[in-house]
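Thanks for sharing this one; here are a few notes to read alongside the coordinates. I have kept them short and in numbered points.

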Amino acid sequence: MTYADLVKRLKKHGLKDETEAGITMKPKRGSFTAIFFLACVAALELEQVVLEEI
């Protein structure tokens, strides 16, 4: 999975303004929100997330 792939998947889930650069900068800016995390989980079609592995 590349950032470009994630951008495409996020667009399918309604996050149309996300870019590869924007996604890579979120942690550096401190703007990686829980809502964005959940959107990524949905876009990646993950059935579960084990928090201990993050």
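1. Which helices each supply at least two residues of the lining of the largest pocket? They are α1 (3-12), α2 (20-29) and α3. Please keep in mind throughout that this is a predicted model.

2. It is worth having a look inside that pocket. The space in the largest pocket comes to about 210 Å³. Its lining counts 14 residues, and those nearest the centre are Tyr-3, Leu-6, Phe-32, Cys-40 and Leu-44. By character, the lining residues split into 12 nonpolar and 2 polar, with no charged residue.

3. Next, the segment after α3. Glu-45 lies in this segment, and its backbone deserves a check: phi is positive, about 55°, although Glu-45 is not a glycine. Most residues other than glycine have a negative phi. As for its surroundings, Glu-45 is exposed because its relative accessible area is 63%, and the cut-off for exposed is over 50%.

4. Now to the surface. Leu-46, Val-49, Leu-51 and Ile-54 together make a nonpolar patch of about 390 Å². Of these, Ile-54 is placed in the segment after α3 (34-43).

5. Is Ile-54 buried or exposed? Ile-54 counts as exposed because its relative accessible area is 65%. You may like to view this side chain together with its patch partners Leu-46, Val-49 and Leu-51.

Definitions and conventions. Residues are numbered from 1 along each chain as its sequence is written. This is a predicted model: local features need pLDDT of at least 70, side-chain atom pairs count only at pLDDT 80 or more; totals for chains, interfaces and linings use all residues. Side-chain values use heavy atoms; hydrogens and water are left out. Patches are made of residues with over 30% relative accessible area and no salt bridge: like charges are joined within 9 Å, nonpolar side chains (Val, Leu, Ile, Met, Phe, Trp, Tyr) within 5 Å. Accessible areas come from the Shrake-Rupley method with a 1.4 Å probe; for residues, only the protein chains shown count as cover. A salt bridge is a side-chain nitrogen of Lys or Arg within 4 Å of a carboxyl oxygen of Asp or Glu. Helices (H or I, at least four residues) and strands (E, at least two) are DSSP runs, numbered from the N terminus. Buried means under 20% relative accessible area, exposed over 50%, partly exposed in between (1.4 Å probe, protein chains only). On a 1 Å grid over the protein atoms alone, a cavity is a set of points where a 1.4 Å probe fits but cannot get out, and a pocket is an open set with protein on both sides within 12 Å along at least five of seven lines; lining residues have an atom within 4 Å of a point. Grid points are joined across faces, edges and corners, and a volume is the space filled by probe spheres set on the points. Ala, Val, Leu, Ile, Met, Phe, Trp, Tyr, Cys and Pro count as nonpolar, Asp, Glu, Lys and Arg as charged, and the others, Gly among them, as polar.
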